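Let's go through this one question by question, bench-style. Have a look at the sequence and the model before we start.

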Amino acid sequence: MSDMTQEWKKYICRACGLIYDEELGDPDSGLAPGTRFEDIPDDWECPLCNVTKVDFELFVQRSAPSASEPVGPTQEPGIVVVGAGLAGWAAVEAIRSLDAETPITLISACAGNLYHKPELSVALSRGMTESAIIRESANDAAARLGVKLYTETFVVGLSPSLHQVRTTRGTLTYTKLILAQGAKPILPSQFPAHLCWRVNDLAGWSGLQSKLAQRSQHITIVGAGMIGCEMAEDFAKAGHHVTLIDRQELPLGGLLPPPAAARLKVNQEKLGIRYLGCTEVDSIQAEEDGAKRIITACGAQLVCDHIVVAIGLMTDDRLARAAGLGFERGIQVHTQTLETSAKDVFALGDCVSLDGAACRFIEPIAKQAMVIARQALGLVCTGYEHTQPVIRLKTKSLPIEIHGNPCREGQWVVVTEDANLLVMQQLINGTPSSTLRVGSAKAA
């Protein structure tokens, strides 16, 4: 065993960004508080994305490099970052790792606290609260990194020619602008906002969590994509009754081939999740007792306590289009520089599109942030090279991962199939292009 007098260390998952803290351990996966990383079994898996410990590396929280003068709020033009989610804070961290003095202003429409967003789809069954999810308060992070912080502030206009951003707290001038505004849940007209939850940020999750903490309840999730399936398992494991609705005949039908999607449906049924496929919501009504009534396009009705809409994300285009920025399913950026169509304006994270494709993965954000940081500071930069991240579902009871870039035109073929594990490959013109694993050879 390791010497408990040593300083506690933290390790970060290179795949999803989860941080393992030796002092806290991970009781939900059998690691007691105080378990040193070196003592973790080699086959232990990340509780979020299921990679093993070889995909973790030592995590050292950056502090700003020492400077002759302390960094603090300033009125001088500097780098302005819009958005205080994972991407916005990653950009700030990257800049400060290279430069201690350049003024940075961070604008956040919310409280801006630092938390790991992927944890939201597994947090309920782990008994987590909002305070447990927050890694660092926005004010503490701003002080640590020497950032002028504006919270609860909205950007209402952008003038690339004047290098100015108009906000609800006034106009700011920038030398470089970094857009990290993220994406927001799609909410069609048949889903009244006051009757539906959207769990895409900590505020939305916290509101729903406070309601679900009262008793076991019936939750209907509309949308059986990755987020919908992950939340369905999380809510079911937390003791709630879950109904999952989607237009597709099977869950994750737009991503998985039928044999894999069928296994997922069977696994959901074992967890008590009811799946309604080939179903569209026509309207939603509020009941007198606070319940919600869903009426489907075929006339069927379903009453539940809460409705969660998870049918996809979209990037708000108002700011970009008003400023004349190129936009196609997201803010268009150069594939190597991540600069938008406007000089000195960069973008990263969920809000961007690369060659017309949205880029909504956690893994590339750190690399994107460093590329932008080097360019914003005028340093030598080799450029960004995008690679398709591994797609991993945080469905612990049935691990699912896809390597490669699956497309509708490909042909899926079975490589291995037994009761516990399904391995398939997608062929494009006879050549393997993607590999899919459903389940685990270690399953009982």
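**Charges, a helix and cysteines**

Reader: At what relative accessibility does Arg 293 count as partly exposed?

Author: Buried means under 20% relative accessible area, exposed over 50%, and partly exposed is in between (1.4 Å probe, protein chains only). Before you lean on any of this, the model is predicted: local features need pLDDT of at least 70, side-chain atom pairs count only at pLDDT 80 or more, and totals for chains, interfaces and linings use all residues. Residues are numbered from 1 along each chain as its sequence is written, and side-chain values use heavy atoms, with hydrogens and water left out. Arg 293 lands in the in-between class, at 22%.

Reader: Which residue does the Arg 293 side chain meet in a salt bridge?

Author: A salt bridge here is a side-chain nitrogen of Lys or Arg within 4 Å of a carboxyl oxygen of Asp or Glu. The N to O distance for this pair is 3.1 Å. The partner is partly exposed too, at 24% relative accessible area: say hello to Glu 287.

Reader: How far apart are the closest N and O atoms of Glu 269 and Lys 265?

Author: These two sit four residues apart in helix α6 (residues 258-270), so about one helical turn separates them. In an α-helix, with 3.6 residues a turn, residues three or four places apart point the same way. Glu 269 is partly exposed at 42%, and Lys 265 is partly exposed at 23%. Their salt bridge closes to 2.7 Å.

Reader: Arg 392 and Glu 401 also meet in a salt bridge; are they buried or exposed?

Author: Their N to O distance is 3.7 Å. Arg 392 comes in at 16% relative accessibility and Glu 401 at 19%. By the cut-off, Arg 392 is buried, and Glu 401 is likewise buried.

Reader: Which residues do salt bridges with shared partners join into one network?

Author: A search of the whole structure turns up 17 salt bridges. Some of them share partners, and these link up Glu 93, Glu 136 and Arg 144.

Reader: Which residues of helix α3 are exposed?

Author: Helices (H or I, at least four residues) and strands (E, at least two) are DSSP runs, numbered from the N terminus. In α3 (138-145), the buried set is Ala 138, Ala 141, Ala 142, Arg 144 and Leu 145. They cover an arc of only 165 degrees around the axis (taken from the directions from the axis to the C-beta atoms), so they share one side of α3. On the other side you'll find Asn 139 and Ala 143.

Reader: What covers the buried residues of α3?

Author: Contact means heavy atoms within 4.5 Å. One helix is among the cover, α1 (86-98). Strands are in there as well, including β6 (114-115), β7 (134-136) and β8 (148-150).

Reader: How many disulfides does the structure hold?

Author: A disulfide needs two cysteine sulfur atoms within 2.5 Å. Cys 351, buried at 0%, has its closest cysteine sulfur in Cys 359, 9.9 Å off and therefore too far for a bond. Cys 407, partly exposed at 32%, is also too far, because its closest cysteine sulfur, in Cys 359, is 18 Å away. The tally is zero.

Reader: What is the radius of gyration of the chain?

Author: The chain has eight helices and 29 strands. The globule rule (2.2 Å times the number of residues to the power 0.38) gives 22 Å for 444 residues, so the chain is as compact as a globular protein of that length. Taken over C-alpha atoms, the radius is 23 Å.
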